[in-house]
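Please open the structure in your viewer and keep the sequence panel beside it, so that each selection below can be followed in turn. The tour moves from one element to the next and says what is found at each stop.

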Amino acid sequence: MQKWLLNAMIEYNSASFQNSQSYPAVLHMPGEILDKILKWCFESLPDEILVGIDVNNKQKVNQQVNEAFRSMESRKDLFAGQDFVIGEAEIVNRGDSYSVHHLPEDWTDGIFTESRGARGGRFTHWLHTHPNAVAIPSHQDADAAQSTHGVDLILGVEFTPEGPLGWYDNVEGVRRPLGKNEHQEREDREPPRGAAGWRRKWWKKKNQRQVLGIAPTGHSIHGLELIAFHKSGVGVNVVLVDDEGMPYGWPFTK
Ligand SMILES: [Zn+2]
């Protein structure tokens, strides 16, 4: 696993821990699975992807960790698979935000004879990406989540060159960065007026966005965000765990 991701996961978990009172439940996601999903996400840019996720019925979540992340308002049976660590993920669709939530026919044909919503209800959890947009559910996302038994996750990815649609963050909601995102502090900074060419270049270099990595498509990755939510509309906390089911960066202190 790459060092930046390891560090990003430790920071993310620490924030999950500090904000644990804001969430009624916790989702335990292995870092390995996140790593895999990030790879698919980067390979597919600038498209959006939909990933189906199942839990490992043989791996219960670590109770010590669950206790540490438990909030006053915690709910035992909020979502399907709540007691189990995520076990596998599969990329099931790729496209734009209008088509990606509807599974292609070869996924739905014959298997889902009854109506179970656009996604066929095959997986416990679902994740989709938001290319160049914040990880906050849209109305369409809230609708699609109604047939999810587990939780819905959104992975926001900020990249350049951004294509016709620039970074979009004019949305209300709680942001959960994964990896430092200094974009907000920097977006309005322009080179000084009337600066000479060499000075503009120097300024731009000094104020350019951070780069977490380069995707196989050649896109520069500037920032990531990850959230989970339940169909009832409440947010679900996420903790990224290692092979033993322990959070990266454990233990945490308030
Ligand atoms: Zn969405």
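Which residues in helix 1 are buried? Select helix 1, residues 3-18, in what is a predicted model, and display the side chains of Leu5, Ala8, Met9, Tyr12, Asn13, Ser16 and Phe17, which are the buried ones. The helix has 16 residues and reaches 23 Å from its first C-alpha to its last, close to the 22 Å expected at 1.5 Å a residue. Adding the partners of these buried residues brings in helix 2, helix 3 (63-69), strand 6 (177-178) and strand 9 (235-241), against which they pack.

Before leaving helix 1, pick out Asn7, which is found in this helix and is partly exposed, with 14 other C-beta atoms within 10 Å. A distance drawn from its C-alpha to that of Gly179, 172 residues apart from Asn7 along the chain, should read 7.6 Å.

Next, select helix 2, residues 31-44, whose 14 residues reach 20 Å from first C-alpha to last, close to the 20 Å expected at 1.5 Å a residue. Its buried residues are Gly31, Leu34, Ile37, Leu38 and Cys41. These cover an arc of only 120° around the axis, which puts them on the same side of helix 2.

Stay on Leu34, which lies in helix 2 and is buried, with 26 other C-beta atoms within 10 Å. Not counting residues up to four places away in sequence, Leu34 touches Met29 and Leu240. Ala89, 55 residues from Leu34 in sequence, lies 9.0 Å from it in space, C-alpha to C-alpha.

Following the contact to Leu240 leads to a residue that, leaving aside its neighbours within four places in sequence, is in contact with Met9, Tyr12, Asn13, Met29, Gly31, Leu34, Pro247 and Tyr248. Met9, Tyr12 and Asn13 are among the buried residues of helix 1 already on display, while Gly31 and Leu34 belong to the buried set of helix 2.

Which residues touch the most other members of the largest nonpolar core? They are Leu155, Val236 and Leu240, in a core of 55 residues. Strand 8 (residues 220-229) gives the most to this core, with six residues. As background, in soluble globular proteins nonpolar side chains tend to be buried together.

Now select strand 1, residues 26-30. Five of the five residues of strand 1 are buried, so it is largely enclosed by the rest of the structure. Both of its faces are covered, with Val26, His28 and Pro30 buried on one side and Leu27 and Met29 on the other. Strand 1 pairs with strand 9 in the parallel sense over five bridges, and Pro30 can be found opposite Val241 in strand 9.

Move on to strand 4, residues 125-131, where seven of the seven residues are buried, so that this strand too is largely enclosed by the rest of the structure. One side carries His125, Leu127, Thr129 and Pro131, the other Trp126, His128 and His130, and all are buried. On showing the partner strands, one sees strand 2 (residues 48-60) running antiparallel to strand 4 and joined to it by four bridges, with Ile53 opposite His125. Strand 5 (residues 152-160) runs parallel to strand 4, with six bridges between them, and here Thr129 stands opposite Leu155, one of the core residues named above.

For the last stop, zoom out and colour the chain by pLDDT, which averages 86, with 85% of the residues scoring at least 70. Where in the chain is confidence lowest, and where is it highest? The lowest is in helix 6 (residues 183-186), at a mean of 46, and the highest is in strand 1, at 98. Over residues 110-116 the pLDDT is below 50, and beyond near neighbours in sequence this stretch has five contacts in the model. Residues 183-188 also stay under 50, and for them the model has seven contacts beyond four places in sequence. Where pLDDT is low, the predicted coordinates should not be read in detail.

With the whole chain in view, seven helices and nine strands can be traced, and buried residues make up 36% of the 254 residues. Of the contacts with a separation of 6 or more, 80% are between residues 24 or more positions apart.

Conventions: Residues numbered from 1 in each chain as written. Core = buried A, V, L, I, M, F, W, Y, C linked by C-beta atoms within 7 Å. Buried ≥ 20, exposed ≤ 12 C-beta atoms within 10 Å, placed from the backbone. Helix = DSSP H or I, 4+ residues; strand = E, 2+ residues; numbered from the N terminus. Contact = placed C-beta atoms within 7 Å. Expected span 1.5 Å × (residues − 1). Arc of directions from axis to C-beta. pLDDT = per-residue confidence, 0-100. Pairing = 2+ DSSP bridges.
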